[in-house]
Amino acid sequence: MDFNGRSGEMSVFTTVAQEGSLSAAARALGLTPSAVSRIIARTEQRLGTRLLLRTTRAITFTAEGEAFLRGARRILADMDEVEEAIADQGVPRGRLRVSAALGHGRLAIVPLVAAFSARYPNIVVDLNLGDEVVDILGGQADVAVRFGHLPDSPLTARRIGTTGQVVVASPEYLQRHGIPQEPEDLLQHNCLRFNFRRAEPNWPFIRDGKSFALKVSGNIECSSGEALAQFAQMGAGIARIGEFSVSEDLQRGDLIALLQAWNPGDQEPIHAVFVGGATMPARVRLFVDFLVEHHRMSAET
């Protein structure tokens, strides 16, 4: 590395701060202690101020040195990010942080991540499954998979799929409490509901071509569709959740679909949300394209 330019001086200075001494920084950089000392002195002379106070035992930073250190670290990090983004265009690499809801992530995103990693082995996928909404602009994730209609924001969103809703209960629950024959019968049943803010308080239905909503109640509320499906399997009540969460349970007969004649057929969009723009790393673009491609192939089969 060339240590004559300003970026080289910043690298030397931040290494001295990291290692705690000139001699340790010299070993880390492959330089002599005297060379490191000359570079620091040159930097101080150019800036016209003292950055380090050196003693035989330790080094300390002046106020100007602390300010220079903060700025140098920020600039070097920005340079690394830009170079990484450019290098991605050739052989995509680096860490890709993906956020997805627990249930959908386990059932749908985990298999896709495995396939994506096999195609792009140099990309490290850091997958976080949870039902909280992460701050993408704040750097908590590179890509988030989100359900429902999205609020206006500076983020970019691409639709990767849709999912319908279905009312379900276990055979055990229905044997004990009876099968609801029409939506109003749900008023006499224990209905398991979502508790997060964007969840609709009423369940929608359709009759004679007209939509209506029914206010249901129950003694269990939860933020996870997968957990609600488990409660329903255990006979705790009736749930209305995404079809993807219970498709296997319905096929096995662990859950029974109810009131399908009144199902409004509403579809909830699924989006991949990320920071777009010209500087978007190739690994982010490739992953989003992979999600869209998989949805298209699934829709055609």
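Guide: Two residues are in contact when heavy atoms of theirs lie within 4.5 Å. This is a predicted model, in which local features need pLDDT of at least 70 and side-chain atom pairs count only at pLDDT 80 or more, while totals for chains, interfaces and linings use all residues. Residues are numbered from 1 along each chain as its sequence is written, and side-chain values use heavy atoms, without hydrogens and water.

Visitor: What share of the contacts in the protein chain with a separation of 6 or more comes from residues 24 or more positions apart?

Guide: The count takes in contacts with a separation of 6 or more. Within it, the share of residues 24 or more positions apart is 74%.

Visitor: What is the radius of gyration of the protein chain?

Guide: It is taken over C-alpha atoms, and the globule rule is 2.2 Å times the number of residues to the power 0.38. A compact globule of 301 residues would come near 19 Å. The C-alpha trace spans about 85 × 40 × 35 Å along its principal axes, and the radius of gyration of the protein chain is 28 Å.

Visitor: Which element gives the most to the largest nonpolar core?

Guide: Such a core is a set of buried Ala, Val, Leu, Ile, Met, Phe, Trp, Tyr and Cys residues joined through side-chain atoms within 4.5 Å, where buried means under 20% relative accessible area, exposed over 50% and partly exposed in between (1.4 Å probe, protein chains only). Of its 25 residues, Leu96, Phe116, Val143 and Phe287 touch the most other members. Elements giving two or more residues include β3 (94-100) and α5 (102-119); helices (H or I, at least four residues) and strands (E, at least two) are DSSP runs, numbered from the N terminus. With seven residues, the element that gives the most is α9.
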